[in-house]
Amino acid sequence: MRMAQAVRAPDTNSAAGEPAAAARPPAIEVLGAEKIFSNGVRALAPIDLTVNQGEFVTLLGPSGCGKSTLLKMVANLIEPTSGGLMWWGRDYGHVGEDGKKLVFVFQDPTLMPWARVRGNVRLPLDLAGVPKSEGDARVDKALATVGLEKFDASYPRQLSGGMQMRASIARALVTEPNLLLMDEPFGALDEITRNKLDQDLLDLWFEKTLTVVFVTHSIYESVFLSTRVVVMAARPGRVLREVVIDEPYPRDDAFRVSQKFAAYARDLQVLLAEASVSGAAHD
Amino acid sequence: MAALDKNSRILGIVLPILVGIVMLVMWEGSVRYWQVPKYLVPSPVLVAQTLVDQWSLLFDSLLVTLKVTFMAFFFAVVIGTLIAFAFAQSKLIEMSFFPYAVLLQVTPVVAIAPLIIIWVKQPTAALVVCATIVALFPIISNTILGLRSVNPGLLNLFRMNKATRLQELVRLRIPSAAPYFFGGLRISSGLALIGAVVAEFVAGTGGTSAGLAYQILQAGFQLDIPLLFAALFLITLTGVALFLLMVTLSRLALGDWHESELVPET
């Protein structure tokens, strides 16, 4: 843990600065992607956004700003009406090659109620035909990472909301992804549970050299987690401003109560208010 | 709290039995007091007596009815499930054929039974066909509903993990459909019995079968009302037994996870 910190901390710091960020290879490039739904609603105006490898980017904005739509586009769950996306510099057809994997974590735990925690976490491996012995070891590792090793034989209904979300994250980690796409994963949880999961997620990202794109409508969550916050506005959905959170990792509760944290939160609050106003002007 | 829970479970068994005993005693008492003739309303004791005396006759008939019921139920489950899978695979197939499944459902079996009995020479087979038609629809409609009632998030998850159609069916659609399927089983098992009895009523007048419905018809003609009651009692008992069997099956299959089978924790 100490080692990881020593090795990565300067790196992460420099990622916050503009020039160094450009030096890192991009994981995701959104190139003028626009989305108009079949009912005529313009969910996203053409958007340009680059997420570099190793970044923790949050998409923050009022509801209806298209942040979930953008994330689903990055997950290739929906296609842009015009413009395009690149994954690790190539098109989606190459995702999964040379270990470049992405995984999507839903807003709800989305667990199979008929399967035990272990069965749920195993699912992606079963679908990919990974042999049982290898799969078991990976499932054990993923469960240990999220602290659910004692609950592998429980059914989802026997777990609390926070634990169900942990199981969902374990299922995402079991495929050993490079890129984690999370759509308001802790939105339905109480604040104490959410803070704990935010902390654990951040530690995980820090240790595993993951890239994370995280959708939230919580200012505090976005400041605490991100290397960079992308503030979005609604009608049509667009990027309003990008705010780099210049604070070294690992971050803990001390950061939550610091002056710096409050200052960032205040800036984002102002931006969000602006996002809402400019959205209203478009009506 | 646990003790109370256990008590209420015992009460759930004891109270209905008490009510049953009280009603039987009142029935017996009334019949004796007003000296109701046995060809109108036989006393429970007399019905029990008849059940014992005519046991070999009734038991043979019971076996015939059970055989028809179970065969019809079996065919209804197999055919109904296959049809549901075909419908669930393609919206086009469902659009083309579903109205005819409804047609089959809304046509009273009594109305088509004579036709089937003419077409199908073998008497038992004719009865099975009638009862199968009656029992088929709940299996089809419930299983289709179940196969369609897949959590959209889970479906997305499967698609994102590049699941094949077969994996999606076996690992997602079938488990999702299970609670609906077992609901269909409960309805269908009762309908199979009803179908078997009704079909025999229609066919039995020809003197081709000797199921419980036939015994009821014969007993009616001969004004042997105690025998009629005894046969009726056996049919009811069969229906209850079938229902309990389905409840047990459902509990075994879903008890671990599905809300319908969970005992609320106190």
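**Exercise 1. Annotated spans of chain B**

Task: State which residues of chain B UniProt lists as "transmembrane region", and determine what the predicted model shows over residues 9-27 and 225-247 of chain B.

Solution. The first step is to consult the record: an unreviewed UniProt entry gives "transmembrane region" for residues 9-27, 68-88, 100-120, 126-150, 191-213 and 225-247 of chain B. The next step is to turn to the model, which is a predicted one. Residues 9-27 of chain B are 100% helix and 0% strand, with 28 Å between the end C-alpha atoms. For residues 225-247 of chain B, the end C-alpha atoms lie 33 Å apart, and the span is again 100% helix and 0% strand.

**Exercise 2. The contact between the chains**

Task: Determine how many residues each chain brings to the contact, and which helix gives the most on the side of chain A.

Solution. Begin with the totals: 13 residues come from chain A and 12 residues from chain B. On the side of chain A that touches chain B, helix α4 (residues 117-128) of chain A gives the most, with 3 residues. Finally, sort this side by class: 10 residues are nonpolar, 1 is polar and 2 are charged.

**Exercise 3. The domains of chain A**

Task: Describe the overall make-up of chain A, then locate its domains and their contact.

Solution. Chain A contains 10 helices and 9 strands, and 41% of its 283 residues count as buried. The domain assignment places 2-101 + 177-267 in domain 1 and 111-175 in domain 2 of chain A. Taken over C-alpha atoms, the centres of domain 1 and domain 2 of chain A are 25 Å apart. At the contact, 10 residues of domain 1 of chain A meet 6 residues of domain 2 of chain A. Helix α7 (residues 191-208) of chain A supplies the largest share of the domain 1 side, namely 3 residues. The classes on that side are 8 nonpolar, 1 polar and 1 charged.

**Exercise 4. An open sheet in chain A**

Task: Establish the strand order of the open sheet of 3 strands in chain A and identify its edge strands.

Solution. The order is β2-β1-β4 (chain A), and the pairing is antiparallel. The edge strands are β2 (42-52) and β4 (82-87) of chain A, since each pairs on one side only. Direction ignored, neighbouring strands of this sheet are turned by 15 degrees against each other on average. One pairing may be followed in detail: strand β1 (residues 26-36) of chain A and β2(A) are joined in the antiparallel sense over 8 bridges. I28(A) stands opposite V51(A) in β2(A).

**Exercise 5. Strands β5 and β6 of chain A**

Task: Determine whether the faces of strand β5 (residues 102-105) of chain A are covered or open, and explain why L180(A) counts as buried.

Solution. In a regular strand, side chains alternate between the two faces of the sheet. In β5(A), L102(A) and F104(A) lie on one side and V103(A) and V105(A) on the other; all are buried, and both faces are covered. Next, examine the partner: β5(A) pairs with strand β6 (residues 179-183) of chain A in the parallel sense over 4 bridges. L102(A) stands opposite L179(A) in β6(A).

L180(A) is also in strand β6 of chain A. The cut-off for burial is 20 or more other C-beta atoms within 10 Å; L180(A) is buried because 24 such atoms lie within 10 Å. Leaving aside neighbours within four places in sequence, L180(A) is in contact with V103(A), V105(A), A172(A), L210(A) and V212(A).

Technical notes:
Residues are numbered from 1 along each chain as its sequence is written. Chains are lettered from A and ligands numbered from 1 in the order in which they are written. This is a predicted model: local features need pLDDT of at least 70, side-chain atom pairs count only at pLDDT 80 or more; totals for chains, interfaces and linings use all residues. A residue is buried if 20 or more other C-beta atoms lie within 10 Å of its own, exposed if 12 or fewer, and partly exposed in between; C-beta atoms are placed from the backbone. Helices (H or I, at least four residues) and strands (E, at least two) are DSSP runs, numbered from the N terminus. Two strands pair if DSSP finds at least two bridges between them. Two residues are in contact if their C-beta atoms, placed from the backbone, lie within 7 Å. Ala, Val, Leu, Ile, Met, Phe, Trp, Tyr, Cys and Pro count as nonpolar, Asp, Glu, Lys and Arg as charged, and the others, Gly among them, as polar. Domain bounds come from an automatic or database domain assignment. Axes are lines fitted to C-alpha atoms, for helices over the stretch in contact, and angles run from 0 to 180 degrees between N-to-C directions. UniProt positions are given in the numbering used here, feature names are shortened, and annotations may be inferred rather than shown by experiment.
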